[in-house]
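These are my notebook entries on a single protein chain. I set down what I looked up, entry by entry, with the sequence and the structure open beside me.

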Amino acid sequence: MQKKITTKNRFAAYGGISLVLFLSIFVFPVFPKCYIEGAGLTPFKVISEYIICGILVAAGAALYRRRNDVDPVMFGFLMAALAVTVASEIAFTHYVSVYGPANQIGHMLKLISSYLIYRAIVARGLLSPYQSMFRELAQSQKELERYSRVLETRVAERTRELEQSNRELRHLSGQLVHAEEKERRRIARDLHDSIGQTLSAIKLTVENAAETLGQRVDSRHLKELETLVPMARTAIDEVRRIIMDLRPPVLEKGILHTIGTVCRDFERLHPDIRIQTDLSVAEDQVPEEIKVPIFRLLQEALHNIDKHSNASSVDVIFCLEGDRLRFEVADNGKGFDPQTAESGFAQSGFGLKGMRERAELSGAGFQIQSRPGGGTRVQVDWPIAPGPEAAAAGHLF
């Protein structure tokens with residue numbers, strides 16, 4: 001507030017002085033004469049010019065002392081303007097005629113001084129900061145665009161690296177599934193050809209021995225021998241069950257035949273549930289690596305339907321859509337909440353969580369669509385388009 005009052009007082013003082021001078025010159029002719037025609041400048045005028053020069057020199061000295069607070073370019077223009085103004089005032093002290101060369105030089109120097117002040121105050125003090133600011137904004141925008149391009153490049157690189165890692169992960173998963181199924185086939189074949197055949201031979205030998213000895217000895221003495229027959233039969237059944245778990249023999253006839261067989265067997269055991277199949281894919285379009293996962297997923301899906309859904313109708317779909325194989329099992333049962341069901345079904349076989357893990361390990365996408373009272377749809381799809389990583393994993397991945 002004090003600053004505003006001081007400013008007003010200063011303007012009032014300057015205005016009062018200007019008014020007094022105006023009145024003393026034009027209204028009340030009491031102001032001393034500065035120029036006499038034919039004689040030239042009066043002593044008052046010359047002394048006044050030197051006083052003005054002294055004031056300008058003092059102003060220049062004050063500006064020099066505060067040069068560190070002023071823009072260097074503006075400081076140079078202001079010092080030059082003061083110097084030219086002093087020179088113009090000195091020129092004014094030497095003219096005799098209004099049209100004389102000294103008066104003309106003085107006014108030319110005044111114009112030069114005004115131009116220098118314009119460059120200092122207007123061009124440098126007002127325009128240049130905005131130009132500098134816009135230049136800095138433009139430079140900042142360029143820097144931002146450069147950083148944006150660098151960021152986009154790095155994001156693209158990281159995305160490519162992530163995609164490559166995902167491809168390698170799918171490739172390794174495919175190799176793991178392929179190796180697992182290969183080892184399962186080998187173990188199942190060894191069990192069938194060695195232990196299974198041996199147990200069958202033992203059973204047959206014991207049966208023949210019991211039949212032969214039964215004609216020669218008392219049947220009471222054959223009881224311990226005859227007990228070996230059901231034991232051998234139980235062992236054979238156990239070996240067959242292990243072989244079935246490792247590598248179902250029905251798969252040797254193809255996955256399409258296997259799906260049909262499993263569905264027919266399920267209908268025979270559950271006559272109140274009707275299964276409709278839509279198998280619109282050729283056998284040679286199904287990679288060998290995913291046949292066992294499909295079989296296991298179908299087994300578990302039907303097991304869950306039997307145990308939990310109360311369904312009367314089931315649709316089994318296996319088809320080729322573009323570059324993906326889609327396998328789907330849908331029922332019209334009571335449904336459930338998928339967000340809380342996977343852990344809840346863990347006790348039924350390997351459950352929905354196990355189904356998801358098996359599907360994803362084989363390189364598939366796994367989706368469950370269900371709601372209470374709205375049935376359940378389990379959808380699994382595998383990419384079959386060959387890529388750089390398909391060399392070791394067949395047609396998949």
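Does Glu-143 count as buried, exposed or partly exposed? I looked this up before anything else and found that Glu-143, at 27% relative accessibility, counts as partly exposed. I note here that the model I am reading is predicted.

**Entry: the partner of Glu-143**

I then searched for what Glu-143 pairs with, and found a salt bridge to Arg-146 in which the closest N and O atoms are 3.0 Å apart. Because the two residues stand three residues apart in helix 4 (residues 101-213), I can place them about one helical turn from each other. Arg-146 is likewise partly exposed, with a relative accessible area of 36%. As background I wrote down that side chains of opposite charge can pair when their charged atoms come close.

**Entry: the whole chain**

I stepped back to the totals. The protein has 397 residues, of which 34% count as buried, and its secondary structure amounts to ten helices and seven strands. Taking the contacts between residues at least 6 apart in sequence, I find that 64% of them join residues at least 24 apart. My search for salt bridges over the whole structure returned twelve.

**Entry: charges around Glu-328**

Which residues are linked with Glu-328 in a network of salt bridges? I find Glu-321, Arg-326 and Arg-377 joined with Glu-328 in that network. The side chain of Arg-326 meets that of Glu-328 at 2.5 Å, N to O, and the side chain of Arg-377 meets that of Glu-328 at 2.0 Å, again N to O. The second pair links distant parts of the chain, since Arg-377 belongs to strand 7 (residues 376-383) and Glu-328 to strand 5 (residues 324-331), with their positions 49 residues apart.

I checked accessibility for each of these three residues in turn. Glu-328 is buried, with a relative accessible area of 3%, and Arg-326 is buried as well, at 14%, whereas Arg-377 is partly exposed at 33%.

**Entry: Leu-325**

I stayed in strand 5, where Leu-325 lies, and asked whether Leu-325 is buried or exposed. At 0% relative accessibility, Leu-325 counts as buried. Leaving aside neighbours within four places in sequence, I listed its contacts, and among them are Val-281, Pro-287, Ile-290, Phe-318, Leu-320, Val-380, Trp-382 and Ile-384. Pro-383 is 58 residues away from Leu-325 in sequence, yet the two C-alpha atoms are 6.4 Å apart in space.

**Entry: helix 2 against helix 3**

Two packed helices are described by the angle between their axes and the distance between the axes, so I looked up both values. Helix 2 (residues 43-65) packs on helix 3 (residues 72-92) at an angle of about 165 degrees, the axes being 9 Å apart. That angle makes helix 2 roughly antiparallel to helix 3, the cut-off for this label being over 145 degrees. The crossing of the two is left-handed. On the side of helix 2 the residues in contact include Ile-52, Leu-56, Gly-60 and Tyr-64, and on the side of helix 3 they include Phe-75, Leu-82, Val-86 and Ile-90. By class, the residues of this contact divide into 14 nonpolar, two polar and two charged.

**Entry: helix 7 against helix 8**

How do the axes of helix 7 and helix 8 cross, and within what distance do they come? The axis of helix 7 (residues 255-269) comes within 10 Å of that of helix 8, and the two cross at roughly 15 degrees. Helix 7 and helix 8 are therefore roughly parallel to each other, and their crossing is right-handed. From helix 7, residues including Ile-259, Val-262 and Phe-266 take part, and they meet a set in helix 8 that includes Ile-294, Phe-295 and Leu-298. I count by class nine nonpolar, one polar and two charged residues in this contact.

**Entry: the loop after helix 8**

I ended at Asn-310, which is found in the loop between helix 8 (291-309) and strand 4 (313-321). Most residues other than glycine have a negative phi. In Asn-310, however, phi is near 60 degrees, a positive value in a residue other than glycine. Asn-310 counts as exposed, at 64% relative accessibility.

Technical notes: Residues numbered from 1 in each chain as written. Predicted model: local features only at pLDDT ≥ 70, side-chain atom pairs only at ≥ 80, totals over all residues. Heavy atoms only, no water. Axes fitted to C-alpha atoms, helices over the stretch in contact; angles between N-to-C directions. Helix = DSSP H or I, 4+ residues; strand = E, 2+ residues; numbered from the N terminus. Parallel < 35°, antiparallel > 145°, perpendicular 65-115°, else oblique. Left-handed = near helix turned anticlockwise from the far one by under 90°. Contact = heavy atoms within 4.5 Å. Nonpolar A, V, L, I, M, F, W, Y, C, P; charged D, E, K, R; others polar. Salt bridge = Lys/Arg side-chain N within 4 Å of Asp/Glu carboxyl O. Buried < 20%, exposed > 50% of the residue type's maximum accessible area, 1.4 Å probe, protein only.
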